[in-house]
Every structure is written in C-alpha cells, then in structure tokens.
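Student: I have a model open in front of me and would like a close look at one part of it. Could you take me through the salt bridges, step by step?

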Amino acid sequence: MSRSRAYQGLPLFANGFRAFFLLGSIQAGLSILVWLPLFYGELTLSSAFAPRDWHVHEMLYGYLPAVITGFLFTAIPNWTGRLPIRGAPLAALVVLWIAGRLAVTFSAATGWWVAMLIDAGFLLLIAAAAGREIAAGRNWRNLKVVALVALLFAGNVAFHLEAHFHGASLYGIRIGIAVVVMLLSLIGGRIIPSFTHNWMVRENPGRLPVSFNRFDMIVVAIGALALAIWIASPDGRIAGTVLGIAGLMHLVRLSRWAGDRTLRERLLTILHVGYFFIPLGFLLNAASAFGLIEDSAGIHAWMAGAAGIMTLAVMTRATLGHTGNALTATVATQAIYAAIIVAAVARTCAVIHSAQSGVLLHVAATAWVIAFLGFALAYGPLLLGLRDPLRRAG
C-alpha cells in the first residue's frame, strides 16, 4: 500500500478509471450530439466511414473500449496485487485513444489505413498490457477477459476492412457487439450478485442473491453459442431459437439476484435494470431472426440499454468507491440513471414503433447526452482529483 501511495503526478493519471471514465463519457455525449444532424444530413464529417458506420464505430469501438480500459486497469491490481498502470504510460494510452477518435473522424484526410492502425492499435496495447499484468500476477482465471479484449481488437480491424472494401461493416459490428454482451454477462454476473449480497447483509437481511455457480456457467455458455450463431448468420430459425433460449435463461439468471430487494439503494438497482437489457436484447434479436421486427431493436437494447446503463452504473460506483466517497446515489446520480433509462427505452422503442421513430430518436438522443455529459459534470471534479479525499493516494 505504501508503494501505491507514492504516486505524486496528476490525479487524472493516478488510476485508469479517472481519465478514461471522464473522457469516455464526454466522447459518448458529444458523439450522439453530432449524430442526429449527421443522420438527417444537416452535418458532414471528413470521415472515410459512412455516417451510420461512424456512429456505430464511435460507440462500439470508441466509447466502450475507454470504459473497459478504465475498469480493467482499476480491477487488475486487485486481481493481481501488483501496482496499477499510471503516470506516463497511462497518459500515453490516453493520448493514443484520443488520436484514434480524431483519426477515425478525419480519416477521409488521413487515409483509412492510418485510422485503422491508430484506432485498432489502442485495443491491441490494452490487451497486451492487461495480459502482461495478469500473467505476472498469475491470475489465470481472468485471462478470459483479456481474450475478449483481443476479440474486440479483431472486430475493430474487421470493421475498418469491411467499411473500406465493402462500403459498410456487418461482421465487424456484430463481433464487437457480441464481445460487449459477453463482457457484460461475465463481469455483471460476478459483481451484481456480489455487491447486492454485501449490501443486503448489512442493510436488508432476508432473501439473498445466488452466487455465481454452474447454472451461471451454462447460461454464459449458451449465450456465447447464440452470439456466435448470430455473428455468422443473424436470421433464420436456428438463430432465432438459440437466441430465444439464451434470452429466457438470462432472465432466469437475473431473477436469482434479488434485484427487487435493492430499491432502497439506487447504485444497486441500476445494475439490475441494466442487466435486464441483456435478455431483452436476446429476445428481440430472436424476434428479428424470425422476421417479426427490425434487427436494430435488439441491437439497441444491448448497446443503448445494457452497455449504456451498466457502464454508467459501474462508472458512478467505481468513481465514488475509489475516491473515498460514500457508496450512495445522490440526486445528481439518480438523475443520470433516469436519463440513461429513458434513452435506452426510447431508442429501442423507436425501432418497434416506427410511426413515432422521429420523436423517440430525439428523446433518446437528448436523454443520452444528458446522462453522459451529466456524468462528466457531476463526477469530473472527483475524477480530476479536485474533490477527492484520497487525492494523494491516487
């Protein structure tokens, strides 16, 4: 611990979560602020990507890798007992991530392959750094998380190649989404019942969540199979059946975590709400496979719902915990949660209720921007170390 407290640099680069949560939330908010004018042809970007591909890429391979990195670089020292990646090495990775966002946005000028090298290079370095730390700490069971980051890197490369050679990305998008859903399933399946159990033992004795066990392993495995089939061919009876089974099993999994007993603590409730969008995404994609609805309903349930809600839930909780603040949801935090839930529901419903899609798209975009820029405003001082009781500790 004394070695951990020796860091004397900028608080922003003291821990992985600080810079990546702050910059990731700003990027997520600004990207959607730009997206609707792009969608309606009121704005153009100097990107080699078509507007829709730019939007998808910057959410899937821009924002989410930032949050994943912030989480991993904060969790790995707890997994391994080693010092965190901080200071100049962390700052260099932050600069590379920013360079990736600029290279993709202005790739029509810089060249698509330059954008690919810079953008995909970030994920490659993150996978390498995380793998090195986990191997050095002999924490082998968490290597599967590194493997998923490596798959995310492969999906990003595929995205760039498809967009250049075929004009649009299909497999690169599905690979990235599948990896994110798997990460949420694995990490959520560990932290949600654990956090819920710890709080209930102290504050709300009674029925407790079921800890990760063989049933969870079966659910995750079936989900992985369904996602693999979906990547290869998202339509048809086989895909629809397996996706439907995975969705129902994830619902059962969620029901075992006693989420209904967490309403007094919004920091916990929001994790359960976010996870609900994982089975919802499976079920909506199953309906799409059978030709009942458009495929983007399930995709947005996963991305705007599960990924959007759960990342904000983790970012708020981790920021409070790692800066020495009380683990409770303030009014501002609850407003952020309300906004992201509205965004997720409105964006998913915009696909299902096509007659109201214009209004719902604007509602979703506005709520999303409020949620993520609201996080940056509310939590920025903590992440920058301006109101941090543990500032010297990093």
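Tutor: Happy to; here is a walk through the salt bridges and the places around them. Keep in mind that this is a predicted model.

Let's begin with the count, which comes to eight salt bridges. A good one to find on your screen joins the side chains of aspartate 119 and arginine 101, at 2.7 Å from N to O. This pair links distant parts of the chain, since aspartate 119 sits in helix 5 (residues 112–136) and arginine 101 in helix 3 (residues 87–105), 18 residues apart. Aspartate 119 is buried, and arginine 101 is buried too.

Now turn to the salt bridge between the side chains of glutamate 133 and arginine 132, with an N to O distance of 2.9 Å. Glutamate 133 has a relative accessible area of 5%, so this residue is buried, because buried means under 20%.

Next, look for aspartate 216 and arginine 256, whose side chains meet in a salt bridge at 3.7 Å, N to O. Here again distant parts of the chain are linked: aspartate 216 belongs to helix 8 (residues 214–232), while arginine 256 lies in the loop between helix 9 (237–255) and helix 10 (266–289), 40 residues apart. How buried or exposed are these partners, aspartate 216 and arginine 256? Aspartate 216 has 1% relative accessibility, so it counts as buried. Arginine 256 has a relative accessible area of 23% and is therefore partly exposed. There is also a network to trace: salt bridges with shared partners join Glu58, Arg101 and Asp119.

While you are at the loop between helix 9 and helix 10, find alanine 258, which is placed there as well. Its phi is near 55 degrees, a positive value in a residue other than glycine. That deserves a second glance because most residues other than glycine have a negative phi. Alanine 258 has a relative accessible area of 0%, so it is buried.

Arginine 138 also has a positive phi, near 55 degrees, and is not a glycine. You will find arginine 138 in the loop between helix 5 and helix 6 (143–166). With 62% relative accessibility, arginine 138 counts as exposed.

To finish, step back to a pair of helices. Helix 1 (residues 16–39) and helix 2 (residues 51–80) pack at an angle of about 165 degrees, and their axes are 8 Å apart. That angle makes helix 1 roughly antiparallel to helix 2. Their contact has 16 nonpolar, ten polar and two charged residues.

Technical notes: Residues numbered from 1 in each chain as written. Predicted model: local features only at pLDDT ≥ 70, side-chain atom pairs only at ≥ 80, totals over all residues. Heavy atoms only, no water. Axes fitted to C-alpha atoms, helices over the stretch in contact; angles between N-to-C directions. Helix = DSSP H or I, 4+ residues; strand = E, 2+ residues; numbered from the N terminus. Parallel < 35°, antiparallel > 145°, perpendicular 65-115°, else oblique. Nonpolar A, V, L, I, M, F, W, Y, C, P; charged D, E, K, R; others polar. Salt bridge = Lys/Arg side-chain N within 4 Å of Asp/Glu carboxyl O. Buried < 20%, exposed > 50% of the residue type's maximum accessible area, 1.4 Å probe, protein only.
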